[in-house]
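User: Hi! I'm new to this one and would like a quick tour. Could you walk me through it?

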Amino acid sequence: MMPHRYDRTMQDVTFPHLLAPLDLGFTTLKNRVLMGSMHTGLEDGRKNFPRMAAFYAERARGGVGLIVTGGFAPNIEGWAKPFAGTLSTSAAAQRHRQVTDAVHAEGGKIALQILHTGRYGYQPFCVAPSRLKSPISPFAPRELSVRGIERQIRAFVRCAKLSREAGYDGVEVMGSEGYFINQFLVTHTNRRTDEWGGVYANRMRLAVEIVRRVREAVGPDFIIIYRISLIDLIPDGSSWPEVLQLARAVTAAGATILNTGIGWHEARIPTIATSVPRAAFTWVTKKLRDALRVEGNTTPVVTSNRINMPEVGEEVLARGDADLVSLARPFLADAEFVAKAAQGRRDEINTCIACNQACLDHTFSNVLSSCLVNPRACHETELVIPIAAARRRFAVVGAGPAGLAAATTLAARGHEVHLYDASGRIGGQFNMAARIPGKEEFEETLRYFARRLEVTGVVLHLGTRIDAAALQGQGFDAVLLATGVTPRDPHIPGQDRPQVLSYIDVLLHRKAVGPRVAIVGAGGIGFDVAEYLATGTDLGHGSPAVDLPAWLREWGVADPEAQRGGVVRAQPEPPAREVLLLQRKPGKHGASLGKTTGWIHRAALKMKNVEMLAGVNYERIGGLDGPAGGAGRVALHVTFGEARKDGTVLEVDTIVLCAGQEPLRDLQAPLQAAGIPVHLIGGAHEAGELDAKRAIDQGTRLAATL
Ligand code: FAD
Ligand code: NAP
Ligand code: SF4
């Protein structure tokens, strides 16, 4: 597996495979890195074109070989949602000129993704091979007539021609992830009995017709990427011979490059979340590439999913898994990914930690995408970080995400910055987050900031719990308080017993936890602590997120050659202990978790038999007497609901309090009294619904203005 932890020796690594040019005959890509298509929301509005141009131009300047835009619908039926970005007229193509000109001016290349969502469309005009509603949209699609299918093909062709007119270097025909074309390929969604359904040759006709007619329309010197679904991760997905048959047919029909897709959107197996091991699916791409090579088909094949550092891409390419790697979210996190890799500055890369919090979660909430670790992503024209007009002197107290973002931004602008933390290590709560199985990536953010502090010249004072008196008289123009939070006290009678611990005791101080544990509070931290304890991370049990075979077993992913769609029965490791996860509110646990990742956390805990109790009142914690009382156990007395009924006793070895957090800002008043301007950021400003996304965004934005 790839190294997860920062290794300084990696600085000297070169990336010969990653940085090698790729000759496509009529054009050459300068390296093997493709920026994968991401729906950022910038596509969905005319007024966004200048922002979109700036967004892609920055990535082109950063050296990426080929950019693929977010999806544009070829017609209304293909909309992902009402009024989604569409390319169906010459007037629209003219607007795209802003984007293509900006990218070309930076020496980049860009292809437009044609995305027809079919039954995934969150809109009433959606169409599909058969009238079968998807589990992820409330709209039942209209079943297309034969003439209707012809109209969709023509819309693809028109969109491709307009892309060329708009100055794009190519198009990507989106044929995976369970979208329109994919829906024709499998019987799960295609129940037709005409020439567009039934035997596989009929089901794949749409994909092949689209590629063939697009090639005819755009001529030979235009890139056509076909995105093929290699492993559908749904029970009746494509078989491996079908995947191969399709790959042969679309390349014969004129596809220049085969990009690969993993899993339908409705699949119940995570494919890109942070708990998915790095490069978890490149072995499937290798199967395709090897099979095509044996037949003499040398079409370049792209692999993707959880490739987030240059050494990961390099190893994948060196192994022969693919000809190119596709990275999407890593280009939100760092526009200069390729340039930094090429210049021996790998340790300066701001790594995508696959949290989905500011990208996919935003998309699914109809909010413009950004990035937790880089709030400038998609906000390039609005969040500008100018060089300061005059050098000033700042103190930043607290080296958690908020303080790190603020200190490095201030210093990058030319200010003198002193950063204090009581701990001997930067990162604040991120140090605990990184210990959760499946959140190992969070360590990369700390590596990035550690290097960024050096590069920007922040003066770092670790192991320094600074107070107001010590800050006075040092000539600071202002103090930024990023002191974070303190755990909320739930005031449960009897909580002073030694068996009652806080999440900090467990995660940071590694205090011993018994075989049966109750967790009070089921917010983000309660879920994480449950995962940590049920996995047995404290007992030395490994994390499946860094052990690919274990992860594949855990989620039931099989070789698609052995099993249609690549799905088998999940075989999770047994839980390391009994965990009860409690919350006071009634209803489903984890309602506040990320839109695109909450289901993964719930499924992971279910696999570990974590018992979830809702509507709980914590009456008191007492000792145990009589034969029922095991040595050292405690009794958590609970009732349920507003009526405080059904009183019961939960006998456990340990109780872990994860009852939320309160802001820590005791330096504010004395500093203000001393006449020093104070700014609050991150948890020190507001603990309610705090996360690192808000902390980093707030720290960066404030520092950009001081
Ligand atoms: P903190 O991270 O709390 O940092 C405050 C710092 O201030 C600390 O280092 C402290 O030592 C220092 N400090 C305090 N007082 C002083 C003083 N007087 N002098 C010097 N130093 C001082 N967020 C997400 O977005 N996604 C996640 O997946 C996620 N997972 C998490 C998992 C766990 C287990 C935990 C505990 C948190 C998680 N979080 C997550 C929350 C996230 O870590 C916090 O929102 C974020 O760290 C808050 O940043 P901050 O800079 O405001 O404060
Ligand atoms: P949280 O998400 O606000 O959850 C606190 C939990 O404690 C809730 O379940 C709450 O629900 C319970 N609670 C509140 N007051 C209580 C009291 N007096 N007695 C008993 N229980 C009480 O906060 P958190 O779990 O501490 O997380 C802190 C922040 O870190 C969160 O805002 C979160 O965004 C972030 N974080 C995010 C992730 C992520 O994956 N995105 C992971 C970890 C942390 P009930 O009142 O219903 O019991
Ligand atoms: Fe990656 Fe998280 Fe940024 Fe999305 S928000 S690009 S997943 S780091």
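**Ligand 2 and a look at S326**

User: Let's start with ligand 2. Which backbone atoms have an oxygen atom of ligand 2 close by?

Analyst: Happy to help! Keep in mind that this is a predicted model. A polar backbone atom of A522 is 3.0 Å from an oxygen atom of ligand 2. For G524, a backbone N or O atom lies 3.3 Å from a ligand 2 oxygen.

User: And what about K439?

Analyst: There the side chain is involved: one of the polar side-chain atoms of K439 lies 3.4 Å from an oxygen atom of ligand 2. As for cover, ligand 2 on its own has 890 Å² of accessible area, and the protein covers 79% of that.

User: Which residues come nearest to ligand 2?

Analyst: There are 21 residues around ligand 2, and A522, I525, R584, K585 and L690 come nearest. By type, the shell divides into 7 nonpolar, 7 polar and 7 charged residues. Helix α18 (residues 524–535) gives the largest share, with 3 residues.

User: Why do you say ligand 2 lies between domain 2 and domain 3?

Analyst: Because both domains give residues to its shell: domain 2 (393–486 + 662–705) and domain 3 (489–541 + 576–659).

User: Nice. New topic: is S326 buried or exposed?

Analyst: S326 is buried, because its relative accessibility is 8%, and the cut-off for buried is under 20%. This residue lies in strand β12 (residues 324–327).

User: What does S326 touch?

Analyst: Leaving out residues up to four places away in sequence, S326 touches L34, G36, N259, V302, T303, S304 and N305.

Key
Residues numbered from 1 in each chain as written. Chains lettered and ligands numbered in written order. Predicted model: local features only at pLDDT ≥ 70, side-chain atom pairs only at ≥ 80, totals over all residues. Heavy atoms only, no water. Near = heavy atom within 4 Å. Polar contact = N/O pair within 3.5 Å; in protein donor to acceptor, adjacent residues only side chain to side chain. Areas by Shrake-Rupley, 256 points an atom, 1.4 Å probe, with all protein chains shown as cover. Helix = DSSP H or I, 4+ residues; strand = E, 2+ residues; numbered from the N terminus. Nonpolar A, V, L, I, M, F, W, Y, C, P; charged D, E, K, R; others polar. Domains from an automatic or database assignment. Buried < 20%, exposed > 50% of the residue type's maximum accessible area, 1.4 Å probe, protein only. Contact = heavy atoms within 4.5 Å.
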